[in-house]
Amino acid sequence: MNTRTSHLTPRPGIMEISPYVGGRSTLDGGQNVIRLASNESALGPSPRAVAAYEALGDSLHRYPDGGAGDLRDALGALNGLDPARIVCGTGSDEILQLLTKAYAGPGDEVLYSRHGFLVYALAARAAGATPVAAPETDLRADVDSLLEHVTGKTRVLFLANPNNPTGSYLSKAELRRLWRGLPENILLVIDSAYAEYVTAADYEAGAELVDAAKNVVMTRTFSKIYGLAALRLGWCYAGEEVIDVMNRVRGPFNVTAPALAAGLAAVQDQDHIDTARRRNDKWLKRLVPELQNIGIAVLPSVCNFLLLRFPEGGSHDSKAADSFLTTRGILARNVDTYHLPDCLRVSIGRDDEMDALLLALKEFMA
């Protein structure tokens, strides 16, 4: 055993990071569980994506296409974007981290809304920057609040739109007002991980704003509606200047060949995505009134999850609900780390899983 004292010292801020803890996926004893804690796709990936992944089995000794050319071309064709202004990453998480490290550092501030994605604060600290959370209004990002928290040190503003874990979103007009209020030296990163689920007419994922401004980036993921969370695949769309920076700081082969192949096949199967979206809409419309009828407050959501608010204290609070659901093998997401201790987040799962959730919550609230 080596007993020498280490003289290694991480950069300031690193030891202030609380490692990210994802939603639970198992229980002690190995019993079957209903996983509703991580907003995974209820439908799973396209069969064409699975086939493309499996077909790579005999060429795992080959390096992937470091430029992700075929996938970028497909994403560009699908979304009407210039493929040269797309960069793919190991999940949108990697892109968020790279953007932060590229544009913020010690002495800088990274701004986001209070109940925004936890990775924003982690990325800021990893870069040596200071995370700053702006208060929200009624669990929605507040444009005025965000702009009031901009300082001379702000370098990056992250906006999850729609937001996880609240499920709320800013309209196209609100998004434009936020951008117009920002100095040009601040990078606005629009995290649109759940964009494919949104059908609201006043919603914009961010591509149009990217085309109108050099200081805007839109990030997307294959982990949600595309059902490829295990492969870690995401992408961003930005102006030429930002794309040049991203290509300088990313790894040369940062996305695996199986991920690229499955992602390409998934993009080419939009019927599967349409089915997933319709199915999600059906359950959102059913769950909200049924849960409200049994005394659970449900926040409006345009995503594949719902944020449930329970009465504080007493036998029907969020902690009691979480424990009760766990006894039924149903894993919801505790959102204490999002400063929402009276809430639980539940994903839209399969039909049988949603029926089991409703039955369990009705029993709990009775």
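Colleague: Which residue does phenylalanine 222 touch in the run from Gly227 to Leu233, apart from those two and Ala229?

Modeller: Keep in mind that this is a predicted model. Leaving out residues up to four places away in sequence, phenylalanine 222 touches Leu71, Leu75, Gly234, Trp235, Gly263 and Val267, among others. In the stretch you picked, the list has Gly227, Ala229 and Leu233, plus one more: Leu228.

Colleague: And which element gives the largest share of the largest nonpolar core?

Modeller: That core has 59 residues, and Leu157, Phe222 and Trp235 touch the most other members. The largest share is 6 residues, and they come from H9.

Colleague: How many residues are in the other core?

Modeller: Another core lies apart from the one with Phe222. Val156, Cys236, Ile243 and Cys343 are among its members. Its size in residues is 32.

Colleague: Which helix do the buried residues of H2 pack against?

Modeller: Helix H2 covers residues 69–79, and its buried residues include Leu71, Arg72 and Leu75. They pack against two strands, E2 (86–89) and E8 (234–238), and also against a helix. That helix is H9 (257–267).

Colleague: Which side chain of opposite charge is nearest to aspartate 191?

Modeller: Aspartate 191 sits in strand E6 (residues 187–191). The residue is buried and has no salt bridge. At 8.1 Å, the nearest side chain of opposite charge belongs to arginine 220.

Colleague: Then what side chain does the side chain of aspartate 191 make a polar contact with?

Modeller: One reach of this side chain is to a backbone nitrogen, that of alanine 193, at 3.3 Å. The side-chain partner, at 2.7 Å, is tyrosine 120.

How values were computed
Residues numbered from 1 in each chain as written. Predicted model: local features only at pLDDT ≥ 70, side-chain atom pairs only at ≥ 80, totals over all residues. Heavy atoms only, no water. Helix = DSSP H or I, 4+ residues; strand = E, 2+ residues; numbered from the N terminus. Buried < 20%, exposed > 50% of the residue type's maximum accessible area, 1.4 Å probe, protein only. Lys, Arg positive; Asp, Glu negative; His and termini not counted. Salt bridge = Lys/Arg side-chain N within 4 Å of Asp/Glu carboxyl O. Polar contact = N/O pair within 3.5 Å; in protein donor to acceptor, adjacent residues only side chain to side chain. Contact = heavy atoms within 4.5 Å. Core = buried A, V, L, I, M, F, W, Y, C linked by side-chain atoms within 4.5 Å.
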